[in-house]
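Got the viewer open? Let's take a short walk through this one, selecting as we go.

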Amino acid sequence: SFDLRRHGCCKNALEHPDKKLKIECSAVSCVYNENHLCSAKQVDIIGGLAHDASATECATFQAR
């Protein structure tokens, strides 16, 4: 989920992300989309200056 970064806040709110986290995916043309869930082992998100989730993108996306 998206959380607006505030001055002095860490980039990652969690020290160690939950490896069992399920990420919903709506990119039907992505190789990692399996039944609307992301199957990538690592997910990178771009949009460091975003003020809402619509200004972010999945940098792990790979077209089928």
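Which backbone nitrogen lies 2.8 Å from a polar atom of the side chain of T60? Select T60 and look around its side chain: the nitrogen belongs to D44. Bear in mind that this is a predicted model, so treat the distance as a computed one.

Before going further, zoom out to the whole chain. Colour by secondary structure and you get four strands and zero helices, in the order β-β-β-β from the N terminus. Now colour by burial: of the 64 residues, just 9% are buried. Switch on the surface and about 6000 Å² is exposed, with carbon and sulfur atoms supplying 53% of that. For contacts with a separation of 6 or more, 38% join residues 24 or more positions apart.

Back to T60, which sits in the segment after β4. Is T60 buried or exposed? T60 counts as buried because its relative accessibility is 12%, under the 20% cut-off. Leaving out residues up to four places away in sequence, show its contacts: Y32, A40, Q42, V43 and D44. D44 is the one you met through its backbone nitrogen.

Next, select Q62, also in the segment after β4, which spans 57–58. Q62 is partly exposed, because its relative accessible area is 41%, between the 20% and 50% cut-offs. With residues up to four places away set aside, Q62 touches S29, C30, V31 and Y32. Y32 is on the contact list of T60 too.

For a last stop, draw a distance between the C-alpha atoms of Q62 and V31: 5.8 Å, although the two are 31 residues apart along the chain.

Conventions: Residues numbered from 1 in each chain as written. Predicted model: local features only at pLDDT ≥ 70, side-chain atom pairs only at ≥ 80, totals over all residues. Heavy atoms only, no water. Helix = DSSP H or I, 4+ residues; strand = E, 2+ residues; numbered from the N terminus. Buried < 20%, exposed > 50% of the residue type's maximum accessible area, 1.4 Å probe, protein only. Contact = heavy atoms within 4.5 Å. Areas by Shrake-Rupley, 256 points an atom, 1.4 Å probe, with all protein chains shown as cover. Polar contact = N/O pair within 3.5 Å; in protein donor to acceptor, adjacent residues only side chain to side chain.
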